[in-house]
Amino acid sequence: SENYTCVCFNCEFLEFVQYMEEKVENMHESVLAVFIFQKYFQPIILVIVLTLGLSMDGILLFIFARHKSVRSQPNMIVLNIAICDLLTLLVLLPLEYSLFNGIGNSSKLILPYSIVVSSLSYVSGMSILALSVQRYFVVTGWLKESRFAKIRENWRTLLFIMVVWGPNLCQAVFILARYVKNYLNDYNPSL
């Protein structure tokens, strides 16, 4: 390290500059580590997650398609979670990788990414909540005594799917419609 003489600046400013220089060097090392992770390790991890997820969800879908005996209402909720997981693997992982690694036009990917993240998170969370509520009803026996029990199981499953996916799809359509309206207004203000 060289000795600096303070001719034009006061010593406190020079110390501040040296401190900031050290911080920039440390930041460069951190950015380099993130770059190495994103370039080499993240694709390997994503391929492993994608492969395991697709194979496990594929096995579950195959079981549901092949064996009618497993198509009960609680298992349909599990199937819904598997479909949500499959959509996450096929849509969200590639979109997220593209967005965070600068592939393509990132500004055009932000809206689809946010819609997919919020939609799939909502559906997955609501499915798990519905499975928990359904298990609670079975354990407490409340479902046997209610009016809801008189509805056929197929209709209850359809109602469940509408409750889980309906608000989510309405939200996605609303966001897309607002985006299209804003997009058209930006390029044609007379609308």
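**Surface patch, nonpolar core and selected residues**

In this predicted model, Leu32, Phe35, Ile36, Phe37, Tyr40, Phe41, Ile45 and Val49 form a nonpolar patch on the surface, and together these residues have about 750 Å² of accessible area. Patches consist of residues with over 30% relative accessible area and no salt bridge, in which nonpolar side chains (Val, Leu, Ile, Met, Phe, Trp, Tyr) are joined within 5 Å and like charges within 9 Å; a salt bridge is a side-chain nitrogen of Lys or Arg within 4 Å of a carboxyl oxygen of Asp or Glu. Accessible areas come from the Shrake-Rupley method with a 1.4 Å probe. Local features need pLDDT of at least 70 and side-chain atom pairs count only at pLDDT 80 or more, whereas totals for chains, interfaces and linings use all residues. Residues are numbered from 1 along each chain as its sequence is written, and side-chain values use heavy atoms, with hydrogens and water left out.

Phenylalanine 37, one of the patch residues, is found in helix α1 (residues 11–66), where helices are DSSP runs (H or I) of at least four residues, numbered from the N terminus. Phenylalanine 37 counts as partly exposed because its relative accessible area is 39%, given that buried means under 20%, exposed over 50%, and partly exposed in between. Leucine 60 is also found in helix α1 and is partly exposed, at 24% relative accessibility. Beyond its neighbours within four places in sequence, leucine 60 is in contact (heavy atoms within 4.5 Å) with Val78 and Ala82, and its C-alpha atom is separated by 9.2 Å from that of valine 78, 18 residues apart along the chain.

The largest nonpolar core, a set of buried Ala, Val, Leu, Ile, Met, Phe, Trp, Tyr and Cys residues joined through side-chain atoms within 4.5 Å, has 13 residues, and those with the most contacts inside it are Tyr113, Val116, Val123, Phe160 and Val164. Two or more residues of this core are given by each of α2 (73–100), α3 (106–140) and α5 (153–187). With residues up to four places away in sequence not counted, tyrosine 113 touches Leu92, Leu95, Glu96, Leu99 and Phe100.

Serine 127, found in helix α3, is buried because its relative accessible area is 0%. On the same sequence criterion, serine 127 touches Ile77, Asn80, Ile81, Phe160 and Val164. Serine 119 lies in helix α3 and is buried, with a relative accessible area of 11%; apart from neighbours within four places in sequence, serine 119 is in contact with Asn168 and Ala172. A polar contact of 3.2 Å joins the side chains of serine 119 and asparagine 168, the term denoting a pair of N or O atoms within 3.5 Å, of which, within protein, one must be able to donate a hydrogen and the other to accept it.

Note on methods:
Buried < 20%, exposed > 50% of the residue type's maximum accessible area, 1.4 Å probe, protein only.
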